[in-house]
Amino acid sequence: MNSFPGLSPSFGFLQSTVWRAALALMVVFVMLALTGWTAIRGTKEDANPLATATAAWQHATFHGHPLPDPKAAPDTVRAYFSTLDRAEQRQLAARYPLVVGNLGGAPVELRYRANRIAIDKARAVEKRRMNDHRLTPVGRQTAGRLMHRLESLMSPHRQILAFDPAGDGRAAEVFGDLSTARRVSVVVPGVDTNLSTFERTAKALTAPVGMARSLYKAERAARPDARTAVIAWADYTSPGGLGVEAATGQLAEAGAVRLRALTESLPSGASVSLFCHSYGSAVCGVAARHLPSSVEDIAVAGSPGMRAGSLAGLGTHARVWAMRDADDWIQDVPYMEVGGLGHGADPVDPAFGSRILSAQGAQGHAGYFAPGTQSLHNFALVGVGALASVHCATTDPRCSADLA
């Protein structure tokens with residue numbers, strides 16, 4: 001008997017199917033958590049120093065004139081800084097390091113300088129916390145690990161393009177000369193990305209810094225004469241583990257806004273490629289339709305979905321590439337979106353419409369940037385624009401179509 005008067009039995013069947021699919025998604029993510037695939041990220045109540053600094057900037061003047069709106073278009077910010085000499089620019093960086101260090105359109109070298117100042121201040125805070133006996137032993141130990149991570153970021157050769165110590169922290173680092181680059185690659189990582197995991201000593205290639213450094217070396221090897229730069233972009237709030245946050249698109253939507261702002265602030269005339277891993281591919285999928293024309297390629301690896309049902313659903317002008325190795329557990333996650341859970345269709349499914357690349361040699365969910373793999377070599381070829389040389393998956397005859 002139909003439990004819903006006025007509705008046909010077929011509607012009841014459809015509703016039952018939808019609920020079963022939603023339940024399946026929840027069961028999968030719970031299982032992932034219970035089998036140790038989720039990482040527990042501690043939280044602490046921190047002040048937001050960037051917000052405080054931004055408020056001060058907005059109410060300040062410099063030489064009797066108001067400072068540009070931090071949300072202004074990069075061209076507006078560039079125009080403002082072009083009116084200042086080097087000493088004046090450095091004055092602003094010293095006075096408002098967190099603002100200048102995160103200001104799209106400010107001179108790149110000035111942002112690096114400002115972020116060194118901001119990181120040094122954050123390092124001093126964590127050093128004090130190491131010896132603060134109001135904290136638990138675990139809290140003091142965590143502060144010590146973060147302090148050492150911040151000290152590493154202050155090394156002379158590091159080029160930190162963005163830094164925000166609030167909460168678990170965000171950062172972005174550049175490899176190569178961004179100011180003169182003609183081709184810029186952006187690595188967009190997935191879950192559990194924060195200041196503590198921005199780089200790793202062990203399993204370095206599973207962290208944004210290791211991924212970006214490996215890609216930069218591969219691009220230099222693939223085309224030594226190319227003027228390239230690679231950005232390890234961990235400047236968005238990622239999900240903490242594979243819980244509900246990772247199964248929904250809320251953080252992807254917020255990250256997409258920040259990703260678009262980054263791409264709009266990159267040097268004019270440079271061709272941009274995005275390399276999006278795991279949940280990062282959901283961020284790239286949401287951002288796709290709003291990215292500037294300079295973004296020519298979007299490549300995803302180990303994707304749980306791009307928040308779309310097909311290539312057409314992304315609404316992008318960019319070429320979209322996808323790869324997944326045979327050992328990647330992400331293939332066991334249901335590729336669907338029901339009631340806000342899930343990220344849509346599988347971009348490696350030929351029906352989606354992506355250009356499917358070979359990931360031969362990659363192992364597991366975090367092995368795509370390992371030297372010697374076809375996955376890394378393919379990423380490098382896309383990054384330097386050598387598209388005719390990519391290694392396509394044997395299942396996709398359309399992968400190399402229309403490539404010069």
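## A tour that starts at the largest pocket

Select the 29 residues that line the largest pocket; Pro 70, Asn 102, Gly 104, Arg 258 and Ala 261 lie nearest its centre. This is a predicted model, so keep that in mind at every stop. The space in this pocket is about 740 Å³.

Now colour the lining by element. Helix 2, helix 3 (74-81), helix 5 (97-101), strand 3 (160-164), strand 4 (170-176) and helix 10 (250-265) each give two or more residues to the lining. Helix 10 gives the most, with six residues. Recolour by class: the lining has 16 nonpolar, five polar and eight charged residues.

**Whole chain**

Zoom out to the cartoon. The protein chain has 13 helices and ten strands. It holds 404 residues, and 51% of them count as buried. Consider the contacts between residues at least 6 apart in sequence: 69% of these join residues at least 24 apart.

**Stop 1: Thr 54**

Go to helix 2, residues 49-58, and select Thr 54. Is Thr 54 buried or exposed? It counts as buried, because its relative accessibility is 18% and the cut-off for buried is under 20%. Show the side chain: it reaches the backbone oxygen of Leu 50 at 2.8 Å. Beyond residues up to four places away in sequence, Thr 54 touches Pro 70 and Val 99. Pro 70 is also one of the lining residues nearest the centre of the largest pocket.

**Stop 2: the nonpolar cores**

Nonpolar side chains tend to be buried together in soluble globular proteins. Here, the largest nonpolar core has 61 residues. Which of them touch the most other members? Select Trp 57, Phe 81, Leu 92, Phe 163, Leu 215, Trp 321 and Phe 379. Another core, of 45 residues, lies apart from this one; Ile 231, Ala 288, Ala 318 and Ile 356 are among its members.

Centre on Phe 163 next. Leaving aside neighbours within four places in sequence, Phe 163 is in contact with Leu 98, Asn 102, Asn 115, Ala 118, Ile 119, Ala 122, Leu 150, Arg 170, Ala 171 and Leu 195. You have met Asn 102 already, as one of the residues nearest the pocket centre.

**Stop 3: Val 209**

Move to helix 8 and pick Val 209. Its relative accessible area is 0%, so Val 209 is buried. Which residues surround it, leaving aside neighbours within four places in sequence? Val 209 is in contact with Arg 158, Glu 173, Phe 175, Phe 198, Glu 199 and Ala 232. Draw a C-alpha to C-alpha distance from Val 209 to Phe 175: it comes to 9.2 Å, across 34 residues of sequence.

**Stop 4: helix 13**

Select residues 374-384, which form helix 13. How many of its eleven residues are buried? Nine are, so the helix is mostly covered. The buried ones are Ser 375, Leu 376, Asn 378, Phe 379, Ala 380, Leu 381, Val 382, Gly 383 and Val 384. Phe 379 also appears among the best-connected members of the largest nonpolar core, those that touch the most others.

Next, show what covers them. The covering elements include strand 5 (183-188), helix 8 (208-222), strand 6 (228-234), strand 7 (271-277), strand 8 (295-301) and strand 9. Step off the end of helix 13 to Gly 385, where phi is positive, near 85 degrees.

**Stop 5: two positive phi values outside glycine**

Most residues other than glycine have a negative phi. Two loop residues here are worth a click.

- Asp 192 sits in the loop between strand 5 and helix 8. Its phi is positive, about 60 degrees, although it is not a glycine. Asp 192 is buried, with a relative accessible area of 15%.
- Ser 278 sits in the loop between strand 7 and helix 11 (279-287). Its phi is also positive, about 55 degrees, and it is not a glycine. At 8% relative accessibility, Ser 278 counts as buried.

**Stop 6: Ser 354**

Finish in the loop between strand 9 (319-323) and strand 10 (355-356), where you will find Ser 354. Ser 354 counts as buried, because its relative accessibility is 1%. What does Ser 354 touch, not counting residues up to four places away in sequence? Its contacts are Val 320, Ala 322, Pro 347, Asp 396 and Arg 398. The side chain of Ser 354 reaches the backbone oxygen of Pro 347 at 3.2 Å. Last, select Ser 310: its C-alpha lies 8.4 Å from that of Ser 354, with the two residues 44 apart in sequence.

Technical notes: Residues are numbered from 1 along each chain as its sequence is written. This is a predicted model: local features need pLDDT of at least 70, side-chain atom pairs count only at pLDDT 80 or more; totals for chains, interfaces and linings use all residues. Side-chain values use heavy atoms; hydrogens and water are left out. Helices (H or I, at least four residues) and strands (E, at least two) are DSSP runs, numbered from the N terminus. Buried means under 20% relative accessible area, exposed over 50%, partly exposed in between (1.4 Å probe, protein chains only). A polar contact is a pair of N or O atoms within 3.5 Å; within protein, one must be able to donate a hydrogen and the other to accept it, and residues adjacent in sequence count only if both atoms are side-chain atoms. Contact means heavy atoms within 4.5 Å. A nonpolar core is a set of buried Ala, Val, Leu, Ile, Met, Phe, Trp, Tyr and Cys residues joined through side-chain atoms within 4.5 Å. On a 1 Å grid over the protein atoms alone, a cavity is a set of points where a 1.4 Å probe fits but cannot get out, and a pocket is an open set with protein on both sides within 12 Å along at least five of seven lines; lining residues have an atom within 4 Å of a point. Grid points are joined across faces, edges and corners, and a volume is the space filled by probe spheres set on the points. Ala, Val, Leu, Ile, Met, Phe, Trp, Tyr, Cys and Pro count as nonpolar, Asp, Glu, Lys and Arg as charged, and the others, Gly among them, as polar.
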